[in-house]
Structure formats: C-alpha cells, structure tokens
Amino acid sequence: MRASVRNSEPKEAIMKSFMKERNIAMRPVRRSIVAASLALVPAAGACHVAPSNTETSGGSVRIGIINSVTGARAPFGQGNQRGFAMALEEINAAGGVLGKPLELDIYDDQSKPDISIQGATKLVDQDHVAVVIGTGGSEDTLALVPAMTGKQVPFVVAGATADNIMEQKSPWVFRLCAGSAAVAAGVVDLLKNHGAPKTMAVIYENSNFGQSAVVAMRKAVAEGGIAIVDEEAYNAAAQSYSPMLQRVKEKKPEALFFVSYLNDATALMRQSRQVGLDARLFTASVGGFSAPEFPTEDKGAGRDAEYTIAASQWVPQAKWAGSLEFDQKFMAKYGSHPAYHAMHGYAALKVVAAAIEQAKKVEPTAIRDALRGIRLDTAYGPVHFADDGQNEHPVFFTQVQKGKHTVVWPKDLAVAPVLETPPWSAR
C-alpha cells in the first residue's frame, strides 16, 4: 500500500493528526512527500488523455484523490481521510484490486480551487492515475470539472453538493452524494410536516456552495407555498454577522435556512442568541451545522447549537448493509462516531475499486464505462449513476437535542420527534 500527500505548508494539528493516521492505516509509504503548491506546474486546460498504464513498478493499482487535508474545510477533509483509510485497509485485506494492492495518491488542495486544479494536473499528467476521487468543497469541485473533463479521466465527486457541478453534463463526472436541489426539497418537506411555516429567511455563504443552495431553495419554497422574506449573503469568516442577523430579525421569519461551513455556523448561532433572532425552526443545509464538532463547546456552538436542524447525507442508523458496522469499526479505530464525511470517503473508494474490477483494466475510458453501469449495494446505500452522472441518494435530517445530533426526519428513520425552537429568552 502507498499513500503520498502533497502540501506546501503542513498546518499544525490537523496535519499532525492526519500524518499519524496515514502512517498507521496506509503504510508502507514508498514515496517521499512532495510539496503541494506546485508553483512550476501549469494549470489544467488543454485536452489530455492519460496513459493507460497506471500501475506502479511494484505492481500496485493507483487511485488519485484530491482532498482538503488543510485549509478551511480541513475538518471535513479529515473525515474523508479516515474513510479512505478504512476502505483501503478493507480492500487490500480482501485481495486488492485486480489481484494487486491498491494505493492512494493523495493531493491536498488546501481548500482552494486553484490548488485543486494543480492537483489534477499533477495526478493525471505526472502520476498517470486513471481515475480521481474529488474534494468535498463545491467551489473546488466546480473548478475541477472542466479540468478533469479536458483530461478525459473519470472524476468521482464524493461530497460536493452544488448542482452546477452536474449541470455541466460532463460524461466524465459522477457524483455520489445528493445535491442542493435534493437538500432543499427535503427541508421543505420537513417544514410542511412540522407546523407548515409560511415564511423563511435564508442566510448563506457567498460561494458556489451557498449560491447553489439558495437557487435550489427558491424553487423548493415556491412549490411548497413558503415565502422567502429575506436573503442575506455573507463572506466567510466575517468579523461580525450581527447587523445581518438584526435585519433578518426585523422580518420575523417563521423558519430560517442557513448554508455555512463549521466556523461560520458556530459564529452565526452565537450571534443569533446575542441579537435575539428567534424562529420556530432553525434549519440548515449540509456542511457546518451537521458537523460532529458543531454541538460541542470547545469546537462548535455548544448550547447555542441546540434545536438546530441540519441536512445529512448518511447516518449510522440507515437501513443499509454495513452502515452500523462501519460506525462501530470507526468508533473502535478513532474513538468517535463518524459523520457522513467519513462515509463519503469510504463509499467513494469502494465504488471506484468495484468499477476498476468491472472494467478489468486500469484505463480511464474503461473505468468511466464501468461507472456508468455500476449497481452496487454499499453502507452508503444503493449506488447507481443516472445518465447525467448523479447517484440518486436520499437526504436525512438531524436535530441537535441535548447536545447530540439526533435523527428526526424522514419519519421511517427518525429516533426522536422534531422539536420547535423556544425563544432565546426561554432557554
């Protein structure tokens, strides 16, 4: 087994944690670590077909991965890394791929679109991988779609939800997770079945992730009979959200919908308490509000996270073979229950390995064709990509109740009822 990680400046604790896990789960490392900034590597753009020989001199099969090991999305990237490590261990214990050990060539995009493109160039042009599993950030993934399409190498998107990723209709792109439209439809369905609020305010990060979610929500609420009374876009890591939240408060929405990553989600809830922004239901897209750290006092919003409802792509209680077992194995290995980000990494690697087996060779076109026709039962649920490359994946919802993410919707999966949010003054 081999895994190499490229990064220009390893970042403190998250990098140390990842390096420790990588050395345990993915060694032996047979290649030196290379800088990730790749300043001398040109950006992708020209059409390029990767060579078909993507086996190492040691006879292993190599898969390329672009992931946010460091940067703003590092907490999600760490979950992905752990999922990759667990899948890699299982695949190689079962005999590898095509009878050969599987190796991961991991490139840290530092949560930056331009670095993602440099990663695609390095993995395809220099390392000659025949398939790439992509980053979880929508902004980074959107930048990768034309790059991977031009290189004619299959690109499996594990966790980026912006729908414009798939709207480009690339025959080389396959998305495992549900997109923004599915999340928005799920939120409206939950609201219609829990008090049927008539008004909503939307607060979102002004990025591809946030913008796509808002476009989807506008359509969903129009069909669901809910009026959006305010839309507020913010720049990530702003110094203060209070003026924006005060404007929302003045509109008196019955429901709120947030689209944020972890640090902003934490600040938004703390400042919502400070300004007294009340609503019957606080809902959110996937991202920061669904992160395992979000309800904690040291890394998240703590008590201010209570009652928030967030979309999720996977929960251990899902009625899919291997789902609960993955949770148990993850807990034994890492000492905590996994969020869906870990499952994204785990499932994506399992799907790609199965596609290579079906293709019977490590070659981009053969792997792409195998992905088009794959039907696989996984711990993430059934996987089958539609003609547009989108896997039909359901969305779950959790609510923070007594400091824990608790599954509350859909009804057949819920372990507790949805609780309406009391005003801040009554908490």
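**Exercise 1. Is His341 buried or exposed?**

Solution. The model is predicted.
- Step 1: locate the residue. His341 lies in helix H11, residues 340–359.
- Step 2: read its accessibility. The cut-off for buried is under 20% relative accessible area. His341 has 9% relative accessibility, so it counts as buried.
- Step 3: list its partners. Setting aside neighbours within four places in sequence, His341 is in contact with Phe76, Gly79 and Asn80.

**Exercise 2. Describe the chain as a whole, and state where confidence fails.**

Solution.
- Step 1: take the confidence. The chain has a mean pLDDT of 87, and 86% of its residues reach 70 or more. Residues 6–53 have pLDDT below 50; beyond near neighbours in sequence, this stretch makes 115 contacts in the model.
- Step 2: count the elements. The chain holds 12 helices and 15 strands.
- Step 3: look at burial. The chain has 427 residues, and 59% of them count as buried.
- Step 4: look at the surface. Its accessible area is about 16400 Å², with 53% belonging to carbon and sulfur atoms.
- Step 5: look at contact range. Take contacts between residues at least 6 apart in sequence: 73% of them join residues at least 24 apart.

**Exercise 3. Show how strand S7 is enclosed, and find its partners.**

Solution.
- Step 1: count buried residues. S7 covers residues 199–205, and seven of the seven are buried, so the strand is largely enclosed by the rest of the structure.
- Step 2: split the strand by face. In a regular strand, side chains alternate between the two faces of the sheet. One side of S7 carries Thr199, Ala201, Ile203 and Glu205. The other carries Met200, Val202 and Tyr204. Both faces are covered.
- Step 3: pair it with S8. Strand S8 spans residues 227–234 and runs parallel to S7, with seven bridges joining the two. Glu205 has Tyr234 of S8 as its bridge partner.
- Step 4: follow the connection. From S7 the chain passes through helix H7, residues 208–224, to S8. This β-α-β crossover is right-handed.
- Step 5: pair it with S9. Strand S9, residues 255–259, pairs with S7 in the parallel sense over five bridges. Here Val202 stands opposite Phe257.

**Exercise 4. Check the lengths of helices H6 and H7, then describe their burial.**

Solution.
- Step 1: test H6. This helix has 13 residues, 180–192. At 1.5 Å a residue it should span 18 Å; the end C-alpha atoms are 18 Å apart, which agrees.
- Step 2: test H7. Its 17 residues should span 24 Å at 1.5 Å a residue, and its end C-alpha atoms are 24 Å apart, which agrees.
- Step 3: list burial in H6. The buried residues are Ser180, Val183, Ala184, Gly186, Val187, Val188, Leu190 and Leu191.
- Step 4: list burial in H7. Those buried include Phe209, Val214, Met217 and Val221, along with Ala213, Ala216 and Ala220.
- Step 5: name the cover. The buried residues of H7 are covered by elements including helices H4 (138–151) and H5 (164–167), H6, and strands S7, S8 and S9.
- Step 6: step past the helix end. Just after H7, Gly225 takes a positive phi of about 75°.

**Exercise 5. Which backbone geometries call for a second look?**

Solution.
- Step 1: set the expectation. Most residues other than glycine have a negative phi, and most peptide bonds are trans.
- Step 2: examine Ser111. Its phi is near 65°, a positive value in a residue other than glycine. Ser111 sits in the loop between strand S3 (102–108) and helix H3 (113–126). At 10% relative accessibility, Ser111 counts as buried.
- Step 3: examine Gln152. Its phi is near 55°, again positive in a residue other than glycine. Gln152 lies in the loop between H4 and strand S5 (155–157). The buried class ends at 20% and the exposed class begins over 50%. At 26% relative accessibility, Gln152 therefore counts as partly exposed.
- Step 4: examine the peptide bond. Trp409 and Pro410 are joined by a cis peptide bond, with omega about 5°. Pro410 belongs to the segment after strand S15 (404–409).

Key: Residues numbered from 1 in each chain as written. Predicted model: local features only at pLDDT ≥ 70, side-chain atom pairs only at ≥ 80, totals over all residues. Heavy atoms only, no water. pLDDT = per-residue confidence, 0-100. Contact = heavy atoms within 4.5 Å. Buried < 20%, exposed > 50% of the residue type's maximum accessible area, 1.4 Å probe, protein only. Helix = DSSP H or I, 4+ residues; strand = E, 2+ residues; numbered from the N terminus. Pairing = 2+ DSSP bridges. Right-handed = clockwise from strand over helix to strand, strands pointing away. Areas by Shrake-Rupley, 256 points an atom, 1.4 Å probe, with all protein chains shown as cover. Expected span 1.5 Å × (residues − 1).
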